[in-house]
Amino acid sequence: MKNLITATLVLIIAINFCNAQSNCNRTFGVACYGSGYDEYSKTDAPESLFSETRGLTIGVTYQGFTAPAQTAFDFSKQIWESILNGTVPIKVNAYFLPIGAGGSLAITFPNGRKNFAGAIVNDVWYPTSLANQLSGTELNTGESDFDIFLNSSVNWYFGTDGICPIGKYDFVSVALHEICHGLGLVGLSKVDSLGIGSLGTLTINDFSPAITSFPWPELDTFPGIFDHFLMTLDGTPIANGSFLNPSDTLADILTSNQIYWNGINGLQYNSNLEPRIYSPATFALGSSMVHLNEATYPTGNENELMTPFANSHSSNHHPGPIALAILKDIGWDVDPDFNSIQESISGYNFQIFPNPSADFISWNFKNNEEGEIVGDSAQSVPLFPR
Ligand SMILES: [Zn+2]
């Protein structure tokens, strides 16, 4: 998605975060931007929205919302409620207020916990929305799980039909994107003004004048669970101690433009290719290392929602298979299961994906002995012409 940044833990009065596509800070925070140009695209909500009732609820405290804005946000929240399983209700503070000119559409700040009972990985920060599910208890009583700030100065389209007019940004799409950050598609990378790269050193001051509604923890140089799954082109994890934290070496890694996701579900959802993460040569706080790579998943791609920039005249009401795979990898119970179908046929491993699919399917055969794709058996066809 173009032009959105998401952030992590705050509440503000007069946000004037970042100028469009300039460096922006983020913590457990992410800012998202508009590209400033129209490019028509429309991706519908998953079928689960209309057919599934889940046990996980997302409670939203609205501040400053107009009725149309609240209706649109509710639609986005219902999409997520139809996808995720869980037992501990999610709590969101949503603010609709001017963030200033400069292309910023929204910013999200997730609350965090680490080393709790039920944590799959220790010494990493989890978003509390997920930590609560893993622990089976509400770890952050009295605090929101994430704060979302949506820029009321933007020329929004508040309809829920995805037919976004020229020159307007689709509010449902942006809210869907921001909620995904709050659920955990967010890391703790930073490159400071001296060119030092780090994980887990962000403070709320990095997002000034923004503030969160919950206390910002001392991150103690621990990475986020999202960072835990990131690796370099040669397969070296960025957060396992291979790179000194903080260091200029780590800054080089965070701006290498060669960062990939190494979770098993991400690989499976992406034809056994590691999904590519946005890590441009100039570090942009709030955009870098917290989105899918813009160029790899352009407008119209099924994974476009979680790229850093959103186009006007475009809508995307589906998180996309890679984003859902990432949420699965960090510990979410994602249902319906978007995993590819794998069946063994006549000595070959037949793979068809994604499942379900709204616009195309791909398949291939793999030799069971060699694990290699057989001949030119890798195929992909659109289900519907665009
Ligand atoms: Zn974003």
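# Notebook: loops, strands and a helix pair

I began with proline 209, which I located in the loop between β13 (197-199) and α5 (225-228). The model is a predicted one, and I read each entry below with that in mind.

**Entry 1. Cis peptide bonds**

I checked the bond leading into proline 209 and found that serine 208 is joined to proline 209 by a cis peptide bond, with omega at about 10°. I then turned to proline 246, which lies in the loop between β14 and α6 (248-254). The bond from asparagine 245 to proline 246 is also cis, and its omega is near 0°. I noted these two bonds since most peptide bonds are trans.

**Entry 2. Positive phi outside glycine**

I returned to the loop between β13 and α5, where aspartate 220 is found. Aspartate 220 is not a glycine, yet its phi is positive, near 55°. Is aspartate 220 buried or exposed? I counted 10 other C-beta atoms within 10 Å of aspartate 220, so the residue is exposed, the limit for that class being 12 or fewer.

I looked next at asparagine 272, in the loop between α7 (264-269) and β16. Asparagine 272 likewise has a positive phi, about 65°, although it is not a glycine. Asparagine 272 has 14 C-beta neighbours inside 10 Å and counts as partly exposed.

**Entry 3. The whole chain**

I recorded the overall figures before going further. The chain has 386 residues, of which 54% count as buried. Its secondary structure comes to 8 helices and 22 strands. I also noted the range of the contacts: among those with a separation of 6 or more, 69% are between residues 24 or more positions apart.

**Entry 4. Strand β9 and its partners**

I examined strand β9 (residues 146-151) for burial and found that 6 of its 6 residues are buried, which leaves the strand mostly covered. Which residues of β9 point one way, and which the other? Phe146, Ile148 and Leu150 point one way, while Asp147, Phe149 and Asn151 point the other way; all are buried. I noted that Asp147 and Asn151 share their direction with Phe149.

I then traced the pairing on β9. Strand β5 (residues 90-97) pairs with β9 in the parallel sense over 6 bridges. Within that pairing, phenylalanine 96 has leucine 150 of β9 as its bridge partner.

Strand β6 pairs with β9 in the antiparallel sense, over 5 bridges. I located two opposed positions here: isoleucine 107 stands opposite phenylalanine 149 in β9, and proline 110 stands opposite phenylalanine 146 in β9. For β6 (residues 104-110), 7 of the 7 residues are buried, so the strand is largely enclosed by the rest of the structure.

**Entry 5. A three-stranded open sheet**

I followed the order of an open sheet of 3 strands and read it as β14-β15-β16, with antiparallel pairing. β14 (230-232) and β16 (276-277) stand at the edges with a single partner strand each, so one side of each has no neighbour in the sheet. I found 3 bridges between β14 and the antiparallel strand β15 (residues 259-261). Leucine 230 stands opposite tryptophan 261 in β15.

**Entry 6. Helices α2 and α4**

I looked up how helix α2 (residues 67-81) packs on helix α4 (residues 171-183): the angle is about 50° and the axes are 8 Å apart. At that angle α2 is oblique to α4, because it falls neither under 35 degrees nor in the range 65 to 115. α2 passes α4 in a right-handed crossing. On the α2 side the contact is made by Ala69, Ala72, Phe73, Phe75, Ser76, Lys77, Ile79 and Trp80, and on the α4 side by Phe171, Val172, Ala175, Leu176 and Ile179. I sorted the residues of this contact into 11 nonpolar, 1 polar and 1 charged.

**Entry 7. Glutamate 39**

I closed with glutamate 39, which has its place in strand β2 (residues 30-43). How many other C-beta atoms lie within 10 Å of glutamate 39? I found 14, and glutamate 39 is partly exposed. Beyond its neighbours within four places in sequence, glutamate 39 is in contact with Thr299, Asn311, His313 and Ser314. I also recorded its separation from glycine 167: the two residues are 128 residues apart in sequence and 9.5 Å apart in space, C-alpha to C-alpha.

Definitions and conventions: Residues numbered from 1 in each chain as written. Predicted model: local features only at pLDDT ≥ 70, side-chain atom pairs only at ≥ 80, totals over all residues. Helix = DSSP H or I, 4+ residues; strand = E, 2+ residues; numbered from the N terminus. Buried ≥ 20, exposed ≤ 12 C-beta atoms within 10 Å, placed from the backbone. Contact = placed C-beta atoms within 7 Å. Axes fitted to C-alpha atoms, helices over the stretch in contact; angles between N-to-C directions. Parallel < 35°, antiparallel > 145°, perpendicular 65-115°, else oblique. Left-handed = near helix turned anticlockwise from the far one by under 90°. Nonpolar A, V, L, I, M, F, W, Y, C, P; charged D, E, K, R; others polar. Pairing = 2+ DSSP bridges.
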